[in-house]
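Student: I am new to this structure. Please take one part and look at it closely with me.

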Amino acid sequence: MSGQVGQGGRAQRKQRRAEENLRPYIGRVNPERLCELLKCHSPVGSWCQVVKENGALIPKCVCPQSCPRQRAPVCSVLGQTYENECLLHKEACRKRRRTGLAHIGPCLVPKANCTEEEFGQFPYRLLDWFLLLSRMGESYAPAAPPQSCLSHTRRTQLAQRRFALLDRNKDGKLSRRDLRKLRYKSMPLEHCAAQFFQSCDRNRNRKVTLHEWTSCLVDRSETWFYHFMSMKMGSRKLCPISVANHL
């Protein structure tokens, strides 16, 4: 209990500091824009909304009490579809857990078989999921740049951090038991997971080394992105220059 109270106190202090950092811009910058910049630490599960306080419109992290029905459905990083983002955060507050937004629109319904196209994009989608999870742990910011803006080094570091978290016995290898900790049912295209990780195990010893892991995730994700996504969009440079220069 004391640990939970301590974590709650730290989250509240972080929240106060985050709000204080934005206070000089209130009245000078569009409050909706400020909301995009405000990281919500407390209450747990809350999201930023523009509210009226002392006659001024300010960004504030709140837990929804009621939600409108007429809004776009969304998919959470845990793979659950909600009728709208407000309902996502309402449940997150009720369960006192941080639940990030994966994308606008319903979650993809898993299929029985993993198609060649899905298998190709799986590593990119998996790294995208890891990126969302890491940002949730670091006070996830909705305005954070997408994976397409990350450098090869940043993608490699992201894969290495996740490997270290999964490698509980620190033997430098991930067994199938370790990989099950990824919670396949919550992953995008989870029906491709077993096939993908089997393909990463090059020597067929039923374990994936750090080199095999990063090669599978990073190299294959970049291959898919440049050969499929960029060709479809007509350009290999899909990240805004202004954003890329800061990464």
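Student: Which residue does a disulfide join to Cys 40? Please go on from there to the other disulfides and helix 3.

Tutor: A disulfide joins Cys 40 to Cys 61, with an S to S distance of 2.1 Å. A disulfide here is a pair of cysteine sulfur atoms within 2.5 Å. This is a predicted model: local features need pLDDT of at least 70, side-chain atom pairs count only at pLDDT 80 or more, and totals for chains, interfaces and linings use all residues. Residues are numbered from 1 along each chain as its sequence is written, and side-chain values use heavy atoms, leaving out hydrogens and water.

Back to the pair. The torsion about the S-S bond of Cys 40 and Cys 61 is about -90°, so this disulfide is left-handed. Cys 40 sits in the loop between helix 2 (31–37) and strand 1, while Cys 61 belongs to strand 2 (residues 56–62). They are 21 residues apart. Helices (H or I, at least four residues) and strands (E, at least two) are DSSP runs, numbered from the N terminus. Cys 40 is buried at 17% relative accessible area. Cys 61 is buried too, at 6%. Buried means under 20% relative accessible area, exposed over 50%, and partly exposed in between (1.4 Å probe, protein chains only).

The structure holds 7 disulfides. Two others lead to helix 3. One joins Cys 63 to Cys 93, S to S 2.1 Å. Its S-S torsion is about -85°, so the link of Cys 63 and Cys 93 is left-handed. Cys 63 lies in the loop between strand 2 and strand 3 and Cys 93 in helix 3, so the pair ties together parts 30 residues apart in sequence. Cys 93 is buried, at 12% relative accessibility.

The other joins Cys 67 to Cys 86, with S to S 2.1 Å. With -75° about the S-S bond, this link is left-handed. Cys 67 is in the loop between strand 2 and strand 3 and Cys 86 in helix 3, so parts 19 residues apart in sequence are tied together. Both Cys 67 and Cys 86 are buried.

Now helix 3 itself. It spans residues 85–95, and its buried residues are Cys 86, Leu 88, His 89, Glu 91, Ala 92 and Cys 93. They pack against strand 1 (47–53), strand 3 (74–76) and strand 4 (81–82). Contact means heavy atoms within 4.5 Å. Asn 84 caps the N-terminal end of helix 3. One of its side-chain oxygens lies 3.2 Å from the backbone nitrogen of Cys 86. Just after helix 3, Arg 96 takes a positive phi of about 55°.

Key:
Polar contact = N/O pair within 3.5 Å; in protein donor to acceptor, adjacent residues only side chain to side chain.
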